[in-house]
Amino acid sequence: MSEASSPAAQVAAVLKVAQDALGAAPDVDTLRRVANEHTGKGSVLVGLKSSLGSITDVEARKAAGRAINEATQAIDALVAQRLSELERDAASRAAAGEAMDLTEHLGRRTRGHSHIVTQAWERLEDVFVGMGFKVAEGPEVETDFHNFTALNMPPNHPARSGFDTLFVKHGAAGSTLLRTHTSPVQIRVMQEWPLPIYAVMPGRVFRRDTPDATHMPVFHQIEGLVIDKGITFAHLAGTIEAFTKAFFGSDFTSRLRPSFFPFTEPSAEFDVRSASGKWVELGGCGMVHPNVLRSGGIDPEVYTGFAFGFGIDRMAKERHAVADLRDMYANDLRFVRQF
Ligand code: PHE
C-alpha cells in the first residue's frame, strides 16, 4: 500500500479539503451542504469507515478508525464554529441596517428656534393663563356676522370701511371674509362658553394693506374678554396694568386714552411706557357694548364686561427694538438668529 492511498493519508486529504471549504462557506445553507458532503452519506469518510473491515492488520484497522473519528469530530467542530461566525455577521448586519444616527445635532446642523412672534404669542398666553384666563381660538375665515354685525357694526356702518377687508368667494357676495381682527372670537366664546368668561384669544388676522415698516397684510392679535357680574372700567384698567408689569417688567406702566370702537362703550386706546419714558401705543379696549352682549346671548342688565385687543407683531417689534416689521418676515437668517 502506498503512502498516498493509505487510509490515514486519505483522511488527512479529506480533512484539508473540508477545512478550506467550510472556512469559505459564505452562508448557513452552503455550510450545511459542505458539511454533509464531507461527513454525510456517500462522503469519502463514511466510505472509508465501511471499508475498515477489509483491513486485516488489527492495529492498522484501529488506527484508521481513530483517524476517521477524529476527522469527523474536527469537521463537526469546524461547522459549529463557522455557524456561530455566520450568525454573528448576520446579526451585526441587521443591527447596522436598523441603526439610527443620533449624532446629527452635534454640530452638523444648528438647532432652530421659534420665530419672535411665536415667542411673544406663547409668552402672552403664559402671562394671561397665570392671571386666570383661559385660551380660545376661532376660525381665520369668518362670517360677516361675527366679524362686523354682531360687533355692533350693521351693514353700511361707517367703521367697516376702516378695516380694509379681504373677502372670500363663498356664499352670498360679501358674506364671507378673512377676519380683520380677533374680536369675532368674542362672539363665539360668548355663545359657546358658560358664564363667567375670562378668556384670551390669540390668532392671525388679515387686512388689505401694503406692507411697510409698521403694517403687514397678515399679522397677529390677542383679544381679551371678561364677562361677569359687577365688572367695571376699574377692572379693565387694573388688568391692563397687571399685564403690563407681568409681560414687560415692573419698571413699565400703562395708560388709557379715550377712543372709539363700535363694540365697546366707553372705549380707550392703551399705551405702555418703558423706563426710558417713551410711550408706545399697544391696542384698543373698553367695556363690552350692550348690543354685543346681546349678540352673544348675554343679558346686559345682569352681566357687564370688558374687552381688549392688541397686535402681537407690534409687541415683539417693541420688545426687541426691531426697526421694520417686514424684517420679521423676510426669513433672513442673519435677522432670525438674533432672537
Ligand atoms: N378689534 C380692535 C382692532 O382690531 C381692537 C379692540 C379689541 C378694541 C377689543 C376694543 C376691544 O383694532
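1. Ligand site. In this predicted model, the ligand takes up the space of the largest pocket. The elements that each contribute two or more residues to the shell around the ligand are β6 (218-228), β9 (279-288) and β10 (304-311). Of these, β10 gives the most, with 3 residues.

2. Shell composition. The ligand is surrounded by 14 residues, and the closest are His181, Ser183, Arg207, Gln221 and Glu223. By class, the shell divides into 5 nonpolar, 7 polar and 2 charged residues.

3. Polar contacts to ligand nitrogen. A nitrogen atom of the ligand lies 2.9 Å from an N or O atom in the side chain of Ser183. For the side chain of His181, the distance from an N or O atom to a nitrogen atom of the ligand is 3.0 Å. Both values fall under the 3.5 Å cut-off, so each pair counts as a polar contact.

4. Polar contact to ligand oxygen, and cover. The side chain of Gln221 places an N or O atom 3.0 Å from an oxygen atom of the ligand. On its own the ligand has 330 Å² of accessible area, and the protein covers 92% of that area.

5. Domains. The domain assignment splits the chain into domain 1 (3-98) and domain 2 (116-336). Taken over C-alpha atoms, the centres of domain 1 and domain 2 are 87 Å apart. His181, Ser183, Arg207, Gln221 and Glu223, the residues closest to the ligand, carry numbers that fall within the bounds of domain 2.

6. Cis peptide bonds. Most peptide bonds are trans. A cis bond joins Leu195 and Pro196, with omega at about -5 degrees. Pro196 is placed in the loop between α7 (184-192) and β5 (197-206). Another cis bond, between Glu265 and Pro266, also has omega at about -5 degrees. Pro266, by contrast with the loop position of Pro196, is in strand β8 (residues 264-273).

7. Backbone phi. Most residues other than glycine have a negative phi. Where does Asn152 sit in the chain? Asn152 is in the loop between α6 (144-147) and β3 (166-167). Although Asn152 is not a glycine, its phi is positive, at about 65 degrees.

Note on methods:
Residues numbered from 1 in each chain as written. Predicted model: local features only at pLDDT ≥ 70, side-chain atom pairs only at ≥ 80, totals over all residues. Heavy atoms only, no water. Near = heavy atom within 4 Å. Polar contact = N/O pair within 3.5 Å; in protein donor to acceptor, adjacent residues only side chain to side chain. Areas by Shrake-Rupley, 256 points an atom, 1.4 Å probe, with all protein chains shown as cover. 1 Å grid on protein atoms, 1.4 Å probe; cavity = no way out; pocket = protein on both sides within 12 Å on 5 of 7 lines; lining within 4 Å. Sits in = over half its atoms within 2 Å of the grid points. Helix = DSSP H or I, 4+ residues; strand = E, 2+ residues; numbered from the N terminus. Nonpolar A, V, L, I, M, F, W, Y, C, P; charged D, E, K, R; others polar. Domains from an automatic or database assignment.
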